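These are my notebook entries on a single protein chain. I set down what I looked up, in the order in which I looked.

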Amino acid sequence: MIPGRGDARAVVPERRHWPVRMHEGQVDLSTEVMAGLVTDQFPEWRDRAVVRVRSRGTVNALFRLGADLVLRFPLVPSRTTGHRAKLSNEQRHARMIATRVPVEVPKPVALGEPGPGYDGPWSVYRWIEGATADGEAVADQVRLANDLAGFVRALHAVDTDGRLWVAAWPTYP
């Protein structure tokens with residue numbers, strides 16, 4: 001619960017913002033603002049805890065929403081139609097890939113809209129429990145390599161119907 005507010009949602013206060021700014025126009029994101037956006041746009045989730053996820057990602061800030069969801073907020077928000085379309089395409093691609101690869105892929109749940117404290121669309125996905133695959137966390141590196149190779153083979157076999165996978169994040173005014 002946020003001190004001084006009468007709502008029941010749980011918010012875990014954060015200790016600090018991202019220490020390094022990666023992008024021009026990058027915004028500072030707080031659990032309180034994220035929880036407010038969830039409450040305003042998805043009231044059915046208002047009682048879920050919002051917890052920042054420590055991540056090495058450079059494009060999105062991640063916040064757990066309860067035990068089974070993750071919020072993805074672009075570090076550089078934008079209200080442009082192109083920005084929203086990119087997030088919609090990411091969700092469409094995630095749904096398509098999920099049915100064609102041999103590993104679990106985060107499933108899109110919702111698309112949030114700009115609101116107080118955050119000036120752009122954002123995404124909600126299912127959370128997949130696990131650990132980051134770094135040298136210390138991987139007990140069986142051969143198995144990881146084989147699993148990764150199977151994923152890459154399956155991804156390469158996906159019929160894109162002539163469409164290109166575009167990973168570049170367009171520049172928006």
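**Entry 1. Term needed for a serine.** I take a polar contact to be a pair of N or O atoms within 3.5 Å, of which, within protein, one must be able to donate a hydrogen and the other to accept it; residues adjacent in sequence count only if both atoms are side-chain atoms. With that in hand, I looked up Ser-78 and found that its side chain makes a polar contact with the side chain of Thr-80, at 3.2 Å. Ser-78 is located in the loop between β3 and α2 (81-98). I then asked whether Ser-78 is buried or exposed. Ser-78 counts as buried because its relative accessible area is 7%, and the cut-off for buried is under 20%.

**Entry 2. Confidence.** I note that the model is predicted. The mean pLDDT of the protein chain is 82, and 82% of the residues score at least 70. Over residues 11-18 the pLDDT is below 50, although this stretch has 26 contacts in the model beyond near neighbours in sequence. For residues 168-173 the pLDDT stays under 50 as well, and the model has 14 contacts there beyond four places in sequence. Where pLDDT is low, the predicted coordinates should not be read in detail. I therefore leave the contacts of residues 11-18 and 168-173 without further reading.

**Entry 3. Overall layout.** I counted three helices and five strands in the protein chain. Their order along the sequence is α-β-β-β-α-β-β-α. Of the 173 residues, 34% count as buried. Among contacts between residues at least 6 apart in sequence, 58% join residues at least 24 apart.

**Entry 4. Strand pairing.** I started with β2 and β3, which pair in the antiparallel sense over six bridges. In this pairing Ala-61 stands opposite Phe-73 of β3. The hairpin of β2 and β3 has three residues between the strands, and Gly-66 takes a positive phi near 70° in this hairpin.

Next I followed β3 to β5; these two strands are antiparallel and share four bridges. Val-70 has Tyr-125 of β5 as its bridge partner, and Leu-71 stands opposite Val-124 of β5. Strand β4 (residues 108-112) also pairs with β5 in the antiparallel sense, over four bridges. There, Leu-111 has Ser-123 of β5 as its bridge partner.

I checked how far two of these strands are covered. In β3, five of the six residues are buried; in β5, four of the five are buried.

**Entry 5. Nonpolar cores.** Which residues have the most contacts inside the largest nonpolar core? This core has 19 residues, and those with the most contacts inside it are Leu-29, Met-34, Trp-45, Phe-63, Leu-71, Phe-73 and Trp-122. At least two residues of this core come from each of α1 (31-41), β2 (60-65), β3 (69-74) and β5 (122-126). The most is given by α1, with four residues.

I then looked up Phe-63. Leaving aside neighbours within four places in sequence, Phe-63 is in contact with a list of residues that includes Leu-29, Met-34, Val-51, Leu-71 and Phe-73. A second, separate core has five residues, among them Val-53, Val-70, Ala-94 and Tyr-125. Val-70 and Tyr-125 of this second core are the bridge partners noted in Entry 4.

**Entry 6. Helix α1.** The buried residues of α1 are Thr-31, Met-34, Ala-35, Gly-36, Leu-37, Val-38 and Thr-39. I asked which strands they pack against. The buried residues of α1 pack against β1 (50-52), β2, β3 and β5.

**Entry 7. Trp-122.** Trp-122 belongs to strand β5. Trp-122 counts as buried because its relative accessibility is 0%. A polar atom of its side chain lies 2.9 Å from the backbone oxygen of Glu-113. Gly-112 is 10 residues from Trp-122 in sequence, and the two are 4.9 Å apart in space, C-alpha to C-alpha.

**Entry 8. Helix α3.** Helix α3 (residues 141-156) has 16 residues. From its first C-alpha to its last, α3 reaches 22 Å, close to the 22 Å expected at 1.5 Å a residue. At the start of α3, I found a side-chain oxygen of Asp-140 within 3.3 Å of the backbone nitrogen of Val-142.

Notes
Residues numbered from 1 in each chain as written. Predicted model: local features only at pLDDT ≥ 70, side-chain atom pairs only at ≥ 80, totals over all residues. Heavy atoms only, no water. Core = buried A, V, L, I, M, F, W, Y, C linked by side-chain atoms within 4.5 Å. Buried < 20%, exposed > 50% of the residue type's maximum accessible area, 1.4 Å probe, protein only. Contact = heavy atoms within 4.5 Å. Expected span 1.5 Å × (residues − 1). Pairing = 2+ DSSP bridges. pLDDT = per-residue confidence, 0-100.
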